[in-house]
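Open the structure in a viewer and follow the stops below in order. Each stop says what to select and what is found there.

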Amino acid sequence: VSALSTWAGVDRNTCWPGKRSWVTAAHRWTQVERGTCGPRLGLGSGSYDGVMSTQEPPTRQAVRPLLLVYPFNEPGQPIALHDGLVGGLAPDDALGVMELSCRPDPKVIWRIEDRVEAGAGDPVTLVLRRPGGDAPVTGVWRSSHDGWSNGAVVGKADVPLKRIVTHWFNLPNFHGPLVLTRTTEAGEHWWMGRSQMEVGGWKLTLDVRPDHSRVWRDLHEAHVHVMTHVMELCRADGAAFTAAEAEPVLTALHVGVSFALGRWAAPMLPVGVDSTGKVVWEDWHPGHCDPARRTSPGWWHDQQQASLTDFLGRVITAFADPDRLPALRLQLMFGIAAMNDRGFVEQRVMMGVAGLEHIMWQTLVLEGGMSEGQYFDQDAHEKLRRLLTHAQIPSDIDAALLPVTARFVAEEQQLQ
């Protein structure tokens, strides 16, 4: 297990637009030691006040948590992506900041200290002056000193990586059986916090933040977002890979976890690290993410490790096939929309039916040999029964689970 690295000191309490310490994530690196998947990143100083267990040391061996590229935020608190000089806006560079806003929805916003003659809605290309080289980011002016962006990719998707660190937002208190430990001024602290899985040649490590219960307590009452977990992705055999090769895995996790929850949760701000410990690739595009809910409307309970691990293993394997990914992603997205209880019932029913129609067409026509004419000649209930039979799903109504539906069916059968 890697030893804790430290972040470069930054004064994070100075309010904008006063004097600040300007620093980017790319050079918050100091000491780096090698772990099983490569070097660890430094932990953000002053990132949060942990509320961790201080019970007696656990009987099983404890490990150090993954270290963050971006510090855990408070609910709704923005996450700084760049603090420093920004070019491309005026004759001279200006001090500015680009950050991921976490209220009311995730979005990338920016602002500069100087005011520039620009009209609201005008496009602009910001040039972020970073230690590793300039990073151009396209954006749109909102006023003479700030605006927004659809995000950016910094670095090349084909550069060899040792691992990717990504940050999950609005996940419930999902944690595995492995014990995490951290030393603070108050002493040694332990908490149940790590999950691991290997699938398709990939190794995933997911750590929950130690104060999850504190930030989650009232999160459902506000339309804000918070970083709840940090995840590391690397090859199971330690081999190098590219961001392009990892993209289907990250997409599978985003869609698969959201399908299990019945609402969108997102891994965002993935950072690629090479074999020397240097950040060589970053993705700043905001992911689709719903507000946190204390009780999610999906089928998965957040402490059922085996069911989610089994499901995600299947989704990751399927998404690795570029021919299967687009259709399966669309079908899962229909399912998320149908389960999400924030919409009207009619909307959810329509999305669910559209998803079933898509699956029936793929299974019966594209893969099952049924002609287009045969498909449209059959009644919907006949096609649905064939689909359920093909998937080995019972078509009978379980009266113990759906007593009202079972009673309705019985009454209808008596009238026929």
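Select helix α3 (residues 305-319) and helix α4 (residues 325-339), whose axes are 9 Å apart and make an angle of about 140°. The two helices are therefore oblique to each other; angles under 35 degrees count as roughly parallel, over 145 as roughly antiparallel, 65 to 115 as roughly perpendicular and the rest as oblique. Axes are lines fitted to C-alpha atoms, for helices over the stretch in contact, and angles run from 0 to 180 degrees between N-to-C directions. Helices (H or I, at least four residues) and strands (E, at least two) are DSSP runs, numbered from the N terminus.

This is a predicted model, in which local features need pLDDT of at least 70 and side-chain atom pairs count only at pLDDT 80 or more, while totals for chains, interfaces and linings use all residues. Residues are numbered from 1 along each chain as its sequence is written, and side-chain values use heavy atoms, with hydrogens and water left out.

Now show the side chains between the two helices. Phe311, Val315, Ala318 and Phe319 of α3 meet Leu325, Leu328, Arg329 and Leu332 of α4 (contact means heavy atoms within 4.5 Å). By class, this contact has 7 nonpolar, no polar and 1 charged residues. Ala, Val, Leu, Ile, Met, Phe, Trp, Tyr, Cys and Pro count as nonpolar, Asp, Glu, Lys and Arg as charged, and the others, Gly among them, as polar.

Keep α4 selected and add the largest pocket. Which helix gives the largest share of its lining? The answer is α4, with 8 residues. α3, α4, α5 (345-366) and α7 (380-390) each supply at least two lining residues. The pocket holds about 960 Å³ of space. Of its 28 lining residues, Phe259, Leu328, Gln331, Leu332 and Ile359 are the closest to the centre. The lining divides into 18 nonpolar, 7 polar and 3 charged residues. On a 1 Å grid over the protein atoms alone, a pocket is an open set of points where a 1.4 Å probe fits, with protein on both sides within 12 Å along at least five of seven lines; lining residues have an atom within 4 Å of a point. Grid points are joined across faces, edges and corners, and a volume is the space filled by probe spheres set on the points.

Next, select the open sheet of 9 strands, in the order β5-β14-β15-β16-β17-β13-β18-β19-β12, with mixed pairing. Two strands pair if DSSP finds at least two bridges between them. The edge strands are β5 (62-63) and β12 (153-155). Strands β14 (residues 178-184) and β15 (residues 187-199) run antiparallel, joined by 7 bridges. Thr184 has Gly187 in β15 as its bridge partner. Add α3 again: this helix lies across β15 and β16, at about 45° to β15.

Move to the closed barrel of 6 strands, β6-β7-β8-β11-β10-β9, where the pairing is antiparallel. Neighbouring strands here are turned by 45° against each other on average, direction ignored. In the barrel, His82 stands opposite Met98 in β7.

Two backbone details remain. A cis peptide bond, with omega about -10°, joins Arg103 and Pro104; Pro104 is in the loop between β7 and β8 (107-112). Asn170, in the loop between β13 and β14, has a positive phi near 65° and is a residue other than glycine.
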